[in-house]
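Dear colleague,

I am handing over the structure we spoke about, and below it you will find my notes on what turned up in it. Please read them with the model open beside you.

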Amino acid sequence: MRLGPTLLTITALLGVVACGSLKEAEADVAPGTKPPSDGTMPSEGSGSSDDAAASKDGGEARGDGGLTPGGDPRFAGWPLPADEPPASSFTIRSTADGAIVTDLATGLAWQDAIPEILRTFADAQSYCASLVYGGEDDWRLPTRIEAISIMDIRPTFGESRVAASAFSSYGLPSTIFWTASQTTSPQSAYAVNAAGVSAQAVTSQGLARCVRGGAALATTPAAKAYVVEPTVVRDPATGLVWEKTPPEEKHTRETAETRCAAKQMRLPTVKELSSLVDETRSDPASNPALGSYAARMFTSNPRWLVDFADGSTFQAGGSTLPSWSRCVTTAP
């Protein structure tokens with residue numbers, strides 16, 4: 001597992017690389033973010049119905065948006081919120097400590113007022129575990145996908161934020177916010193900032209925004225449940241239906257969009273594609289039911305990609321570079 005930079009810094013947009021390999025395109029990544037993988041796209045992996053059957057202990061969707069007991073908050077147990085969630089998708093309750101912002105899409109309740117104190121990964125975990133805020137004492141550090149769920153992810157470079165418009169505090173654009181999700185290396189954990197999601201050394205300094213609701217993070221990860229069919233892979237928790245076998249070659253964004261439309265599917269949103277990341281795995285950082293694709297993939301946002309070598313999610317400087325893609329649709 002390659003560690004990302006200690007702190008992510010957003011600066012001016014780099015020039016667009018007109019063509020070339022993934023390695024040649026590294027200069028086109030937003031400054032300070034994790035460069036994309038340079039691996040070649042392997043052929044379809046060993047995912048099968050047996051893999052999916054062995055994964056049935058994953059969380060299932062519940063009416064209030066949370067995870068059922070025994071589920072794993074490392075994975076989305078709810079339909080994915082919009083990349084730019086409107087204020088109407090949240091409710092705000094004022095307390096003496098600050099507001100509690102509840103996401104109606106996920107059922108998760110969030111701390112709004114956050115102290116501008118930089119902490120290590122372990123200190124951030126301890127802070128949330130001991131927090132009493134708004135009369136509640138069952139706060140915890142959010143997982144990677146939970147932290148992504150409240151992000152305001154925009155197509156214009158430099159305008160994305162770590163929290164939706166319903167929140168009053170965001171931290172500095174370059175400041176990371178810790179998540180409870182560790183990578184396959186015990187020395188690194190996922191963190192988010194306005195530029196994306198990357199692995200950070202656990203000794204790095206970042207902010208903490210705590211969450212309550214859903215299932216507690218278990219010491220032993222529970223596998224994600226997928227249903228594998230001949231041409232698609234279904235995620236019952238999110239309601240998404242994924243293309244089972246993406247092409248092995250790269251395409252332009254326009255070609256990828258056309259290809260998905262021909263299948264009566266589409267390119268996934270940033271949050272939808274991020275939901276396929278399994279941080280307990282690497283190269284690829286995804287469930288075997290999805291095949292073995294350790295490559296960066298397009299999202300419907302022209303400036304955002306997800307790298308399935310290590311699960312990083314980042315802004316790229318241009319939208320014309322070729323990449324890989326996996327189509328998706330929503331189950332009827």
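How many helices and how many strands are there in the protein chain? The protein chain holds 5 helices and 14 strands, and please keep in mind throughout that this is a predicted model.

**The chain as a whole**

Of the 332 residues that make up the protein chain, 55% count as buried. The area that the protein chain exposes comes to about 12,700 Å², with carbon and sulfur atoms supplying 54% of it. If one takes the contacts between residues at least 6 apart in sequence, 68% of them join residues that are at least 24 apart.

**The six-stranded sheet**

Strands of a sheet pair through backbone hydrogen bonds, and they may do so in a parallel or an antiparallel way. In this model, 6 strands form an open sheet with antiparallel pairing, and their order across the sheet is E4-E5-E6-E13-E12-E11. The edges are taken by strand E4 (177-182) and strand E11 (296-298), each of which pairs on one side only. On average, neighbouring strands of this sheet are turned by 40° against each other, if direction is ignored.

Starting from the edge at E4, one finds that this strand is joined by 3 bridges to strand E5 (residues 188-193), the two running antiparallel, and that Gln182 has Ala189 in E5 as its bridge partner. Helix H2 (residues 121-130) packs on the sheet here, where it touches E4 and E5, and the direction of the helix makes about 95° with that of E4.

Moving one strand further, E5 and E6 pair in the antiparallel sense over 6 bridges, and they form a hairpin with 2 residues between them. Within this pairing, Val192 stands opposite Val197 in E6. On its other side, E6 is joined by 2 bridges to strand E13 (residues 313-315), again in an antiparallel arrangement, and there the bridge partner of Val197 is Thr313.

Why can strand E6 (residues 196-201) be called largely enclosed by the rest of the structure? The reason is that 6 of the 6 residues of E6 are buried, so the strand is largely enclosed by what surrounds it. In a regular strand, side chains alternate between the two faces of the sheet. In E6, Gly196, Ser198 and Gln200 point one way while Val197, Ala199 and Ala201 point the other way, and all of these residues are buried.

**Two hairpins in succession**

Strand E8 (residues 227-228) pairs with strand E9 (residues 232-235) in the antiparallel sense over 2 bridges, and a hairpin of 3 residues joins E8 to E9. Here Val228 stands opposite Val233 in E9. E9 also pairs with strand E10 (residues 240-243), in the antiparallel sense and over 4 bridges, with Val232 standing opposite Glu243 in E10. The hairpin of E9 and E10 has 4 residues between the strands, and in it Gly239 takes a positive phi near 80°.

**Salt bridges**

Side chains of opposite charge can pair when their charged atoms come close. The structure holds 14 salt bridges, including the ones described here.

One of them links Asp72 and Arg74, whose closest N and O atoms are 2.9 Å apart, and both Asp72 and Arg74 are buried. In another, the side chains of Arg154 and Asp152 meet at 2.8 Å, N to O. The partners in that pair are not covered alike: Arg154 has 25% relative accessibility and therefore counts as partly exposed, whereas Asp152 is buried with a relative accessible area of 3%.

Which parts of the chain does the salt bridge between Lys224 and Asp235 tie together? The side chains of these two residues meet at 3.2 Å, N to O. Lys224 lies in the loop between strand E7 (211-212) and E8, while Asp235 lies in strand E9, so the pair ties together parts that are 11 residues apart in sequence. Lys224 is buried, with a relative accessible area of 3%, and Asp235 is buried as well, with a relative accessible area of 2%. Finally, Arg93, Glu136, Asp138 and Arg212 are joined into one network by salt bridges that share partners.

With best wishes

Note on methods:
Residues numbered from 1 in each chain as written. Predicted model: local features only at pLDDT ≥ 70, side-chain atom pairs only at ≥ 80, totals over all residues. Heavy atoms only, no water. Buried < 20%, exposed > 50% of the residue type's maximum accessible area, 1.4 Å probe, protein only. Contact = heavy atoms within 4.5 Å. Areas by Shrake-Rupley, 256 points an atom, 1.4 Å probe, with all protein chains shown as cover. Pairing = 2+ DSSP bridges. Axes fitted to C-alpha atoms, helices over the stretch in contact; angles between N-to-C directions. Salt bridge = Lys/Arg side-chain N within 4 Å of Asp/Glu carboxyl O.
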